[in-house]
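Here are some notes on the model, set out as numbered points. They cover the enclosed spaces, the open pockets, some strand pairings and two of the helices.

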Amino acid sequence: MNPYQPRTDDMAFILANVLQAPAQLQALGAFAEVDPDLMRQVLDEAGKFVGEVIAPLNRDGDEIGARFEAGSVTMAPGFRDAYQAFWQAGWPALACAAEDGGQGLPAVLEATLYEMLSAANHGWTMAPGLLHGAYECLKHHGSDALKARYLEKLATGEWLATMCLTEPHAGSDLGLCRTKAVPQSDGSVHLSGTKIFISGGEHDLSDNIVHLVLARLPDAPPGPKGLSLFLVPKFYANGHRSAVVCERIEEKMGLHGSPTCVMRFDEATAWIVGEPGKGLNAMFVMMNAARLHVALQGIGLLDAAWQKADAYSKERRQMRAPGARDTSLIQDHPAMRRILDTQRAWIDGGRVLAYRTALELDLLKHHPDAGRRDAAQRWCSLVTPVMKAAFTHQAFYGASECLQVFGGHGYVREWGIEQIVRDARVAMIYEGTNEIQAIDLLVRKVLPDGGAGLLSLLNELRADLDPSHAPDARALRQFAALGELTLELVEAAARDGALAFWVADDYLRATALALLAWAWARIERTLAAEGADRARRWLPAARAMRHWVLPEFDMRASIIRARCTASEAARTD
């Protein structure tokens, strides 16, 4: 079956028509020249590069994969040439500042690029996926000397980067980190320790790799507050190789094209990034960027799965659909139509939310009004964990549903759908598991201010909804229900410290569904203004959103309320 091909028409419609991104960006001085034509040109050129250069390598990435030998990693055939073409064409530099060697374009365009890349070849995309976060981290927290040496190399993508957090004895609990940083008389440190699950820790794609590593100085207190961030390259300026060793790469369920490395630091010379004890603050810039990228991975992988299933359903005949006289195409069977339209609904709505999040990042950085920047910060803080968890979940389960369209053929390798299911599963785990994202949303962001931030966000979204328009009215009802549910949880969680942890997953899912209702209200209002020709492509997904997706909100709300009731009953017994 043919590899994934980006559908830039759909992306452009959401950016320009649904979100009106060009007008918002042009109102910012930094992007005055970013008009619809420029955005469309970038989309189309990115789609062409991804479809012609990156997508065809996906199968070899899975079947041949990265190979480890004596501390070195050789990537799958074609991967290095593709990466060299990628950075030399300027794609990693899309949203980096011009003074650092970048193109100075909006983050929202970078978001569309990485969605396409993830859909086309998830394994290959893992390598450049951390670049922009590493660039932002160094730009905001690095010393002048480090920036002079490394910033442009990261901005352009000539050198790749890693994020070294996890250790063998500590998964998501970074406070247990033991890697040591011993200060030297010249201002450097010697790093010693082992990090695991390091994507792209060793490879042959680029001529150097910049490792950003969490470690402890000798006098550091225990826990997260004792962590500092350090930079150590694979090669120093004098050409000498650092004492950073790849011990092995993991044999994984999927994502074979990306080497997941165990990295050992043997008193490697490194330099601090930011202030001592503020390592998590510095690395959070990188982690937050990574979480949005992982959400885009989810959307892209689901789109890749849907494309394969949709194409198969239009070619394969099986039995007779209701009312048919002859053997029918798979796409004509209601059960299969439901699967296909439901995944399409998640993809379309997810793009609205992901692109809006990236657009808010642009506004946060460049808008002149402090109040608008505060609103952008609120959106990014609350919506990023929702996006990461909800859309990586849907990527795996939705891709599994798409496999169902193939019947037995989906379970064999030749069609490529089973690879997407395997590759997608890891996105629910890394950059903070989906359960951690849910706890982050409810316990750390919603409950501490009594739900005020979330309610403010919902009020902002209500402002452009018209209750006389049916899709808008649905979104308004879900916002009202989510607001009531939030206040009930605030009250109940104050009496039961464990309650929020029990229902965090359900609460995040309910929030995602309410946001999807808003996203689809925006899509349907735009379609109503554009006529039947445009609407024909989108209406089956709109119906699926109404009938098969949004009703889940009531189930999640019922689960949360039942738990609140049980908690209250236990307290009064």
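1. Which residues line the largest cavity? In this predicted model, the lining consists of Asn58, Gly61, Asp62, Phe79, Asn121, Gly123, Leu255, His256, Gly257, Gln419 and Asp423. The volume of the largest cavity is about 50 Å³. The structure holds four cavities of 30 Å³ or more.

2. On the make-up of that lining: α4 (58-63) and α13 each contribute at least two residues to the largest cavity. The largest share, three residues, is from α4. By class, two of the lining residues are nonpolar, seven are polar and two are charged.

3. The largest pocket holds about 1,400 Å³ of space. It is lined by 47 residues, and those closest to the centre are Thr166, Ile429, Tyr430, Glu431 and Gly432. The lining of this pocket divides into 21 nonpolar, 15 polar and 11 charged residues.

4. Which elements supply at least two residues each to the lining of the largest pocket? They are β3 (160-164), β5 (189-199), α10 (279-313), α13 (417-425) and α14 (434-446). Helix α10 gives the largest share, with nine residues. Helix α13 is thus listed both for this pocket and for the largest cavity.

5. The second largest pocket has about 830 Å³ of space. Its lining is made up of 38 residues, with Ala107, His132, Glu136, Leu361 and Lys365 nearest the centre. Two or more lining residues come from each of α6, α8 (131-141), α10, α11 (334-366) and α12 (370-405). The class counts for the second largest pocket are 20 nonpolar, 11 polar and seven charged. Helix α10 contributes to the second largest pocket and also to the largest pocket.

6. Helix α6, one of the contributors to the second largest pocket, spans residues 107-120. Its 14 residues reach 20 Å from first C-alpha to last, close to the 20 Å expected at 1.5 Å a residue. Is α6 mostly covered or mostly exposed? It is mostly covered, with 14 of its 14 residues buried.

7. Strand β5, which also helps line the largest pocket, has two pairings to note. With β4 (residues 180-183) the pairing is antiparallel over four bridges, and Ala181 has Leu191 in β5 as its bridge partner. The hairpin of β4 and β5 has five residues between the strands, and Gly187 there takes a positive phi near 95°.

8. The other pairing joins β5 to β9 (residues 260-273), in the antiparallel sense over nine bridges. In this pairing, Thr194 is bridged to Arg264 of β9.

9. Helix α17 covers residues 499-530, 32 residues in total. From first C-alpha to last it reaches 46 Å, close to the 46 Å expected at 1.5 Å a residue. Where does α17 bend? The bend is at Asp505, by about 45°. The span and the bend should be read together, as the end-to-end reach is close to the expected value although the helix bends at Asp505.

10. As for exposure, α17 is mostly covered, and 25 of its 32 residues are buried. The residue that follows α17 is Gly531, with a positive phi near 100°.

Conventions:
Residues numbered from 1 in each chain as written. Predicted model: local features only at pLDDT ≥ 70, side-chain atom pairs only at ≥ 80, totals over all residues. Heavy atoms only, no water. Expected span 1.5 Å × (residues − 1). Buried < 20%, exposed > 50% of the residue type's maximum accessible area, 1.4 Å probe, protein only. 1 Å grid on protein atoms, 1.4 Å probe; cavity = no way out; pocket = protein on both sides within 12 Å on 5 of 7 lines; lining within 4 Å. Points joined across faces, edges and corners; volume = space filled by probe spheres on them. Nonpolar A, V, L, I, M, F, W, Y, C, P; charged D, E, K, R; others polar. Pairing = 2+ DSSP bridges. Bend = angle between axes of the 7 residues up to and from the residue.
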